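Here are my notes on the model you sent round. They come as numbered points, each one short.

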Amino acid sequence: MRSWLKTAAVGRRSMSTVGTAKTSVVIGGGFVGLSCALHLQRLGRRVTLIDSGRIGGAATTSSGNAGTMAVYANVPINNPSLLWKLPGMLLDASGPLSIRVTPRLPAMLPWATLFAWHCRRPAVEHSSAAISALLSRAEEGYEGVFSQAAVDVDAPMGRFASHGDEAHQQSLLPFAVREGYLLLQRSEEAMRASEAGAALRRRGLGGGLRMTALSADEVMDLEPGLSREACCAGGAWFFPDGWFLNDPAALLRALAAGFEAAGGELRTG
């Protein structure tokens with residue numbers, strides 16, 4: 001299955017030219033593939049985008065993700081404390097990392113060993129620095145894509161909104177929801193443990209990162225519908241610059257339309 005980060009294989013550079021423009025082929029019409037295609041257009045290349053399905057279709061991975069633009073997310077999943085939690089997590093059938101015993105389980109051992117190896121503090125620091133370098137230019141990259149496709153993500157989705165029982169109301173909503181992001185902490189202990197991740201964010205993302213520690217009362221003022229004890233008894237980290245998409249598939253369709261309008265060739269099916 002393709003994912004946000006692994007959707008596209010950027011096309012092989014062709015030795016042929018059409019007029020004065022070189023040609024490129026991009027495989028995969030998710031967010032990564034469309035972004036690659038639109039950036040290549042900005043460079044003046046003739047681009048063909050190929051996908052096996054309909055852009056923005058319900059079966060595509062990019063259509064079903066959370067659509068979060070998380071420029072603050074430079075903290076790897078791997079961390080030293082996770083090693084001590086792994087046994088309990090693996091034995092908890094309802095936990096986030098449970099494994100069913102099957103004959104194929106031994107085949108996972110190389111992956112599990114490498115995962116554990118990267119929970120070492122130096123490995124975590126190295127991964128965080130690499131992610132930070134990418135995130136530091138993420139917003140700039142988004143803006144280039146949106147500009148090339150002539151898409152205003154703060155405008156109503158209009159005809160690109162997904163159809164459904166509330167299609168008209170959905171079409172009036174903007175692509176982007178800019179209300180910030182809350183990283184909730186269920187207990188005071190969890191909040192103290194999250195300080196290590198907060199320090200990684202400060203070191204990796206520097207002065208451009210806006211991040212605020214909130215008390216449980218402040219979280220409830222922002223989101224009164226939450227359960228204080230179940231969700232945020234320890235407070236939260238608030239990232240005011242975080243944003244997400246109302247409908248990821250709608251943005252995919254809008255980007256594809258902008259790509260074609262600018263002369264790109266789209267081949268699907």
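**Notes on the predicted model**

1. Arg46 lies in strand E3. The model is a predicted one, and this strand is a convenient place to start. Arg46 is partly exposed, because its relative accessibility is 46% and the partly exposed class runs between 20% and 50%. Ser127 is 81 residues away from Arg46 in sequence, and their C-alpha atoms are 35 Å apart in space.

2. Thr48 is also found in strand E3, which spans residues 46-51. Is Thr48 buried or exposed? Its relative accessibility is 14%, so Thr48 counts as buried; the cut-off is under 20%. Leaving out residues up to four places away in sequence, Thr48 touches Ser24, Val25, Val26, Glu265 and Arg267.

3. Now the whole protein. It has 11 helices and 10 strands. Along the principal axes, the C-alpha atoms fill a box of roughly 65 × 45 × 40 Å. Of the 269 residues, 36% are buried. Take the contacts with a separation of 6 or more: residues 24 or more positions apart account for 68% of them.

4. Next, helix packing. Two packed helices are described by the angle between their axes and the distance between the axes. Helix H1 (residues 31-42) packs with helix H5 (residues 138-149) at an angle of about 70°, and their axes are 9 Å apart. That angle makes H1 roughly perpendicular to H5, since the class covers 65 to 115 degrees. H1 brings Ser35, Leu38, His39, Gln41 and Arg42 to the contact, and H5 brings Gly141, Gly144, Val145, Gln148 and Ala149. By type, the contact residues divide into three nonpolar, six polar and one charged.

5. H5 has another partner, helix H11 (residues 248-261). The axes of H5 and H11 come within 8 Å and cross at roughly 60°. How are H5 and H11 oriented to each other? They are oblique, because roughly 60° falls short of the 65 to 115 degrees that count as roughly perpendicular. Val145, Phe146 and Ala149 in H5 meet Leu251, Leu255 and Gly258 in H11. This contact divides into five nonpolar residues, one polar and no charged. Val145 and Ala149 appear in the H1 contact and in the H11 contact.

6. One backbone angle deserves a look. Most residues other than glycine have a negative phi. Ala150 has a positive phi of about 55° although it is not a glycine. Ala150 is placed in the loop between H5 and H6. Its relative accessible area is 70%, so Ala150 is exposed; the cut-off is over 50%.

7. On to helix H6 (residues 167-172), where Gln170 is found. Gln170 is partly exposed, with a relative accessible area of 22%. Not counting residues up to four places away in sequence, Gln170 touches Met157, Ala161, Ser162, Asn246 and Asp247. Gly57 is 113 residues from Gln170 in sequence, and the C-alpha to C-alpha separation is 17 Å in space.

8. Cys119 sits in the loop between helix H3 (109-117) and H4. Its relative accessible area is 1%, so Cys119 is buried. Which residues does Cys119 contact, leaving aside its neighbours within four places in sequence? They are Asn78, Asn79, Pro80, Leu82, Leu83 and Val124. Glu140 is 21 residues from Cys119 along the chain, yet their C-alpha atoms are separated by 31 Å.

9. Last, a pocket. Rolling a probe the size of a water molecule over the atoms shows where empty space is left. The second largest pocket has a volume of about 1,000 Å³. Its lining holds 31 residues, and Val75, Ile77, Asn79, Ser81 and Lys85 lie nearest its centre. Elements that give two or more residues to this lining are helix H2 (80-91), helix H4 (121-135), strand E6 (181-185), helix H7 (188-193) and helix H8 (195-205). Which element gives the most to the lining of the second largest pocket? H8 does, with seven residues. The lining divides into 21 nonpolar residues, five polar and five charged. Asn79 lies nearest the pocket centre along with the others named, and Asn79 is also in contact with Cys119.

Note on methods. Residues numbered from 1 in each chain as written. Predicted model: local features only at pLDDT ≥ 70, side-chain atom pairs only at ≥ 80, totals over all residues. Heavy atoms only, no water. Axes fitted to C-alpha atoms, helices over the stretch in contact; angles between N-to-C directions. Helix = DSSP H or I, 4+ residues; strand = E, 2+ residues; numbered from the N terminus. Parallel < 35°, antiparallel > 145°, perpendicular 65-115°, else oblique. Contact = heavy atoms within 4.5 Å. Nonpolar A, V, L, I, M, F, W, Y, C, P; charged D, E, K, R; others polar. Buried < 20%, exposed > 50% of the residue type's maximum accessible area, 1.4 Å probe, protein only. 1 Å grid on protein atoms, 1.4 Å probe; cavity = no way out; pocket = protein on both sides within 12 Å on 5 of 7 lines; lining within 4 Å. Points joined across faces, edges and corners; volume = space filled by probe spheres on them.
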